[in-house]
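Welcome! Please take a moment to look over the sequence and the 3D view below, and then let us walk through them together.

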There are 2 protein chains.
Amino acid sequence: MAEQKKAGQKKAVVLVSGGLDSVTALAMAQADGFECFALSVDYGQRHRSELDAAKRVSDAAAVPLKILPLDLRAIGGSALTGDIDVPEDETNGIPVTYVPARNTIMLSLALAYAEVLGSDDIFIGVNAVDYSGYPDCRPEFIEAYQSMARLATKTSVEGGKMTIHTPLIDLTKAEIIQQGTALGIDYSMTVSCYQADDAGRACGVCDSCRIRREGFSAAGLTDPTLYS
Amino acid sequence: MAEQKKAGQKKAVVLVSGGLDSVTALAMAQADGFECFALSVDYGQRHRSELDAAKRVSDAAAVPLKILPLDLRAIGGSALTGDIDVPEDETNGIPVTYVPARNTIMLSLALAYAEVLGSDDIFIGVNAVDYSGYPDCRPEFIEAYQSMARLATKTSVEGGKMTIHTPLIDLTKAEIIQQGTALGIDYSMTVSCYQADDAGRACGVCDSCRIRREGFSAAGLTDPTLYS
């Protein structure tokens with residue numbers, strides 16, 4: 001997956017969580033020829049091993065990783081940052097693992113970073129198919145975000161046109177896994193579980209574990225996830 | 001300026017920086033009947049006395065203040081957070097005191113807080129007249145942000161319509177000061193200077209000091225600012 005930096009290569013900021021989707025988005029951005037800069041946010045998530053995974057996948061892709069601390073626990077309102085338990089079975093409606101305005105916040109930090117880098121391209125691994133019901137993973141949200149971003153920055157005033165790339169948005173989890181595997185990703189580096197232990201072992205029962213397992217199964221590929 | 005909380009009163013998140021504009025926006029939100037929740041971001045700004053001012057104005061208005069730490073110095077790119085000097089004379093173009101994507105980031109944090117509070121209303125004291133050339137103070141930016149916000153959250157899926165209120169957007173600095181004074185604001189509590197000292201005394205020479213001084217002068221009111 002690692003690539004050499006080429007002269008004149010366009011820069012992109014890639015939001016990397018350490019999960020299956022974002023590492024695939026990163027590999028796709030590199031395959032598209034971008035010089036990538038990974039950005040993770042340490043928002044006080046329960047699954048701290050995500051950040052270790054973000055480091056592993058960035059290293060494997062030979063891209064720099066910036067981790068921004070932003071403690072969203074001060075705002076609360078989610079099972080991923082607050083005191084609500086992560087549910088084992090939640091298939092209807094918007095789950096309690098939804099973090100208020102998370103993608104809006106992440107994209108805004110990526111926007112600032114892109115502007116500083118002189119980049120007009122941001123990649124985010126959102127997915128509208130197996131998206132767990134999060135409102136900020138929908139195509140209409142991304143489109144509205146891009147319109148706003150094109151008015152938000154100094155770059156935009158100077159003629160830049162920020163693009164929010166969502167290469168996974170129309171793919172099933174199985175297709176994401178198949179395409180990522182074809183790009184050489186070792187998914188054992190990634191952590192999807194909402195409550196993985198410190199060693200990155202998945203619980204096997206949360207919503208995210210269920211979607212990941214079904215994805216590998218549908219893709220006809222071996223699931224390399226370590227379960228606790 | 002302080003008001004009693006009334007039963008059934010609508011909640012609003014108000015971005016409060018401790019400057020002249022945001023305290024006026026807060027007073028206007030209260031005058032409109034909102035139960036206000038002030039939000040400040042400690043983004044590593046040079047003018048730390050801003051945060052003390054935010055506390056003073058929130059206390060005077062009898063509203064709770066939440067200060068979120070988000071160190072934007074890790075991203076860089078501004079005289080307000082980085083190593084660039086604050087200029088004394090900068091009247092053309094976008095100033096180096098512009099913080100990349102600042103209002104986008106602030107509004108996104110306010111959006112998360114509003115969602116947790118069950119509020120559909122955010123106030124921000126941006127101003128397009130004496131706006132120092134910041135792209136994220138323009139009406140078209142705010143309008144695009146609001147469209148995006150209406151697709152971003154759980155609340156929006158459930159029928160909520162987030163409104164970004166910008167009561168100052170069409171006012172001159174003099175009009176802001178006149179209207180705020182009529183609402184009973186004591187502007188000596190506020191700090192506008194980009195490089196105020198720890199006691200909150202203004203430098204008197206930066207862009208923000210110049211705009212503030214001209215505003216009081218045009219309003220025909222005494223400038224209560226303490227200069228160093």
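The paragraphs below go from a single chain, through its sheet, to the way the two chains meet.

Before we start, please keep in mind that this is a predicted model. Let us begin with chain A, which has 7 helices and 5 strands. If you follow chain A along its sequence, these elements come in the pattern β-α-β-α-β-α-β-α-α-β-α-α. Chain A counts 228 residues, and 54% of them are classed as buried. Many of its contacts link parts that are well separated in sequence: taking contacts in chain A between residues at least 6 apart, 71% join residues at least 24 apart.

Now turn to chain B and look for its sheet. This is an open sheet of 5 strands with parallel pairing, and the strands of chain B lie in the order S3-S2-S1-S4-S5. In chain B, S3 and S5 (163-165) stand at the edges with a single partner strand each, so one side of each has no neighbour in the sheet. On average, neighbouring strands of this sheet are turned by 25 degrees against each other, direction ignored.

For a closer look at one pair, find strand S2 (residues 35-42) of chain B, which pairs with S3(B) in the parallel sense over 5 bridges. Here Asp42(B) stands opposite Pro69(B), a residue of S3(B). A helix also packs on the sheet: H1 (residues 20-31) of chain B touches S1 (11-15), S2, S4 (121-123) and S5 of chain B. The direction of H1(B) makes about 170 degrees with that of S1(B).

Next, bring both chains into view. How many residues of chain B are in contact with chain A? There are 38, and they meet 38 residues of chain A. Strand S3 (65-69) and helices H3 (102-117), H4 (139-152) and H5 (154-157) of chain B each supply at least two residues of this side. H3(B) gives the most, with 9 residues. By class, the side of chain B that touches chain A has 24 nonpolar, 7 polar and 7 charged residues.

Finally, how are the two chains related? Two copies of a chain are related by a rotation about an axis and a shift along it. Here, a turn of 180 degrees and a shift of 0.0 Å along the axis lay chain B on chain A with an RMSD of 0.0 Å. That is the relation of a two-fold axis. Leu70(B) is the residue of chain B that comes closest to the rotation axis, with its C-alpha at 2.7 Å. The copies meet through the same surface, because 100% of the interface residues of chain B are also interface residues in chain A.

Terms used
Residues numbered from 1 in each chain as written. Chains lettered and ligands numbered in written order. Predicted model: local features only at pLDDT ≥ 70, side-chain atom pairs only at ≥ 80, totals over all residues. Contact = placed C-beta atoms within 7 Å. Helix = DSSP H or I, 4+ residues; strand = E, 2+ residues; numbered from the N terminus. Nonpolar A, V, L, I, M, F, W, Y, C, P; charged D, E, K, R; others polar. Pairing = 2+ DSSP bridges. Axes fitted to C-alpha atoms, helices over the stretch in contact; angles between N-to-C directions. Least-squares fit on C-alpha atoms with pLDDT ≥ 70 in both. Buried ≥ 20, exposed ≤ 12 C-beta atoms within 10 Å, placed from the backbone.
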